[in-house]
Amino acid sequence: MSGWWACLEERTRREVDADVLRDRRLPAVRSVHDALRPLGLGLAEAERVVHARYEALADQVRRTPPDPLDVPSLAARAAALPGRVAAIEALWDGDTVHDWFVLLIAVLEDPDGEGHLATVHHRRDASPARAAAEAGRALAGHLGVPFHFPSPSVPDDQAPRWRAVARPAE
């Protein structure tokens, strides 16, 4: 680990470790970054400091289980959203911590909007794209709505969204 950890006050180290032990990566990164930014620490280095704490505390971290991808769980999440589901969409996203992952989204009408259903990271049994596509197609079939995954083969967080494809500009 870099020397940045030693630069943190003891209180901040305890807070970061508490967040890591609860698998709260982003608050931990924010704490490290906020505390050490005046000393020149960048966000990527703050992520590396927190990653090193995950490695040091690995056997004690209470990992957040992956979002469920079964149809009943996803349908329950979709039913709890404030609008009628018009489509299910799978979208690539990524960050420096998790690399590429896929978001499963319910596109809503009445009112227009969207609701997050699941975040699909790399899994032992399937790539995030394959797992999200299978779950998304199954849910869309269950709900009787279209499924849209604009870039299932290659991570692309700029691919056209369902609304752009379904409702071309007039």
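**Group meeting: a walk through the predicted model**

Let me begin with one pair of residues in the sheet: Gly-94 has Trp-100 in E2 as its bridge partner. Before I go on, please keep in mind that this is a predicted model, and that everything I say about the chain rests on that prediction.

The strands around that pair are E1, covering residues 84-95, and E2, covering residues 99-109, and they pair in the antiparallel sense over 11 bridges. They belong to an open sheet of 4 strands with mixed pairing, in which the order is E3-E2-E1-E4. At the edges sit strand E3 (113-120) and strand E4 (147-148), each of which pairs on one side only. As a general reminder, strands of a sheet pair through backbone hydrogen bonds, and they may do so in the parallel or the antiparallel sense. Across E1, E2 and E3 lies helix H5, residues 71-79, which runs at about 155° to E3.

Now, what is unusual about the backbone in the loop between E2 and E3, where Asp-110 lies? Phi of Asp-110 is near 55°, a positive value in a residue that is not glycine, and a cis peptide bond, with omega of about 5°, joins Asp-110 to Pro-111, which is found in that loop as well. Both points deserve a mention because most residues other than glycine have a negative phi and most peptide bonds are trans. Asp-110 also counts as exposed, because its relative accessibility is 60%, and the cut-off for that word is over 50%.

A positive phi, of about 60°, also appears at Asp-23, again not a glycine, and this residue is found in the loop between H2 and H3.

That brings me to the two helices themselves: the axes of H2 (residues 10-21) and H3 (residues 25-36) come within 8 Å and cross at roughly 160°. H2 is therefore roughly antiparallel to H3, since angles over 145 degrees are counted that way, and the crossing is left-handed. On the H2 side, Thr-12, Glu-15, Val-16, Asp-19 and Val-20 take part, and they meet Pro-27, Ala-28, Ser-31, Val-32 and Ala-35 of H3. By type, the residues of this contact divide into 6 nonpolar, 2 polar and 2 charged.

Finally, the chain as a whole: it has 7 helices and 4 strands, which follow the pattern α-α-α-α-α-β-β-β-α-β-α along the sequence. Of its 170 residues, 42% count as buried, and its C-alpha atoms fill a box of roughly 55 × 35 × 30 Å along the principal axes.

Methods. Residues numbered from 1 in each chain as written. Predicted model: local features only at pLDDT ≥ 70, side-chain atom pairs only at ≥ 80, totals over all residues. Heavy atoms only, no water. Axes fitted to C-alpha atoms, helices over the stretch in contact; angles between N-to-C directions. Parallel < 35°, antiparallel > 145°, perpendicular 65-115°, else oblique. Left-handed = near helix turned anticlockwise from the far one by under 90°. Contact = heavy atoms within 4.5 Å. Nonpolar A, V, L, I, M, F, W, Y, C, P; charged D, E, K, R; others polar. Pairing = 2+ DSSP bridges. Buried < 20%, exposed > 50% of the residue type's maximum accessible area, 1.4 Å probe, protein only.
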